[in-house]
Amino acid sequence: MSGLAQSITQHPIRTSLKWSLLALLGLVLAYQIFLFSHVLLYRFINPSSTAFMRAQAAELDNKTIQYIWVDYENISASLKKAVIASEDSGFKQHSGVEWLAIRHAFMFNLKQWRKGKERMRGGSTISQQLAKNLFLSENRSYWRKAQELVITYMLEWTMPKKRILELYLNTAQFGETVFGAEAASQFYFKKSSKQLNNHEASRLAVLLPNPRYYGQHIKGAYVSGRASIIRQRMRQVSPP
């Protein structure tokens, strides 16, 4: 085939690839705009559900999700302190992502994988966990993690820390079908989240890394021991 004929043959292929790439980039951009519009919405409007809740309900054959929204002022200071002490001690200072914590978690998980162990560490901040809860899934792919980081910066750019914590406390999973501080308080302690004391709040904070398992063992030895450590750390915490 002559050079001219080969050029004519390849030109439509290059053009098709170029338009396919542009279309893909357009879809990605449109999705980011969609997410950002919802982040702006949640700055002022409380979500009636989250992507994580809906995924959990579908996984459990649409069991009823226990979810009751309460305003920030109606959640005890003890729970706010306990969650920050347990999940993200630098919450008020960082800009959404703690890169050093992510690096440490990566190195720890790599060692665990080499040893054939399944126990992994997350390294996610409260803002990152909120991004996942609101819009994403439990999928651990690199694409999901990258999208989580983008949403995290959207949240931090548009919302004060107080609103981020309010959204997180109301949407975090505390049991198989239990979401949010108020539902968790009523489910485990038969009282409102405003009435939680340090002992009860610290126990709820222990559930967050693995709520399905620890929720069934909230009176167990591990939860008790971990809660004691969290209560000690709560002394250095002040919520926004």
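**Entry 1: the chain as a whole**

I began by reading along the sequence, where the chain follows the pattern α-α-β-α-α-α-α-α-β-α-α-α-α, which I tallied as 11 helices and 2 strands. I note here that I am working from a predicted model. I then looked up burial and found that 42% of the 240 residues in the chain are buried. Turning to contacts between residues at least 6 apart in sequence, I found that 69% of them join residues at least 24 apart.

**Entry 2: the nonpolar core**

I looked next for the largest nonpolar core, which has 49 residues, and I noted that Leu-79, Leu-155 and Leu-204 are those with the most contacts inside it. I listed the helices that each supply at least two residues of this core, among them helix 1 (3–42), helix 3 (77–87), helix 6 (142–158) and helix 11 (221–234). I followed Leu-79 further and, not counting residues up to four places away in sequence, found it touching Leu-169, Ala-181, Leu-196, Ala-201 and Leu-204.

**Entry 3: helix 9**

Two of those partners, Ala-201 and Leu-204, sent me to helix 9, where both are buried, as are Glu-200, Ser-202, Ala-205, Val-206 and Leu-207. I recorded helix 9 as largely enclosed by the rest of the structure, because 7 of its 10 residues are buried. I then asked what the buried residues of helix 9 pack against, and found helix 3, helix 8, helix 10 (211–214) and helix 11.

**Entry 4: helix 5 against helix 7**

I looked up how helix 5 (residues 126–135) lies relative to helix 7 (residues 161–171), and found that their axes come within 10 Å and cross at roughly 55°. I therefore entered helix 5 as oblique to helix 7, and I added that helix 5 passes helix 7 in a left-handed crossing. On the helix 5 side the contact is made by Ile-126, Ser-127, Gln-129, Leu-130 and Asn-133, which meet Ile-164, Leu-165, Leu-167, Tyr-168 and Thr-171 in helix 7. I sorted the residues of this contact into 6 nonpolar, 4 polar and no charged.

**Entry 5: Thr-177**

Last, I checked a residue in the loop between helix 7 and strand 2 (178–179), namely Thr-177. Is Thr-177 buried or exposed? I entered Thr-177 as buried because its relative accessibility is 12%, which falls under the 20% cut-off. Leaving aside neighbours within four places in sequence, I found Thr-177 in contact with Leu-60, Lys-63, Thr-64, Ile-65 and Gln-66.

Conventions: Residues are numbered from 1 along each chain as its sequence is written. This is a predicted model: local features need pLDDT of at least 70, side-chain atom pairs count only at pLDDT 80 or more; totals for chains, interfaces and linings use all residues. Side-chain values use heavy atoms; hydrogens and water are left out. Axes are lines fitted to C-alpha atoms, for helices over the stretch in contact, and angles run from 0 to 180 degrees between N-to-C directions. Helices (H or I, at least four residues) and strands (E, at least two) are DSSP runs, numbered from the N terminus. Angles under 35 degrees count as roughly parallel, over 145 as roughly antiparallel, 65 to 115 as roughly perpendicular and the rest as oblique. A crossing is left-handed if the near helix is turned anticlockwise from the far one by less than a right angle, and right-handed if clockwise. Contact means heavy atoms within 4.5 Å. Ala, Val, Leu, Ile, Met, Phe, Trp, Tyr, Cys and Pro count as nonpolar, Asp, Glu, Lys and Arg as charged, and the others, Gly among them, as polar. A nonpolar core is a set of buried Ala, Val, Leu, Ile, Met, Phe, Trp, Tyr and Cys residues joined through side-chain atoms within 4.5 Å. Buried means under 20% relative accessible area, exposed over 50%, partly exposed in between (1.4 Å probe, protein chains only).
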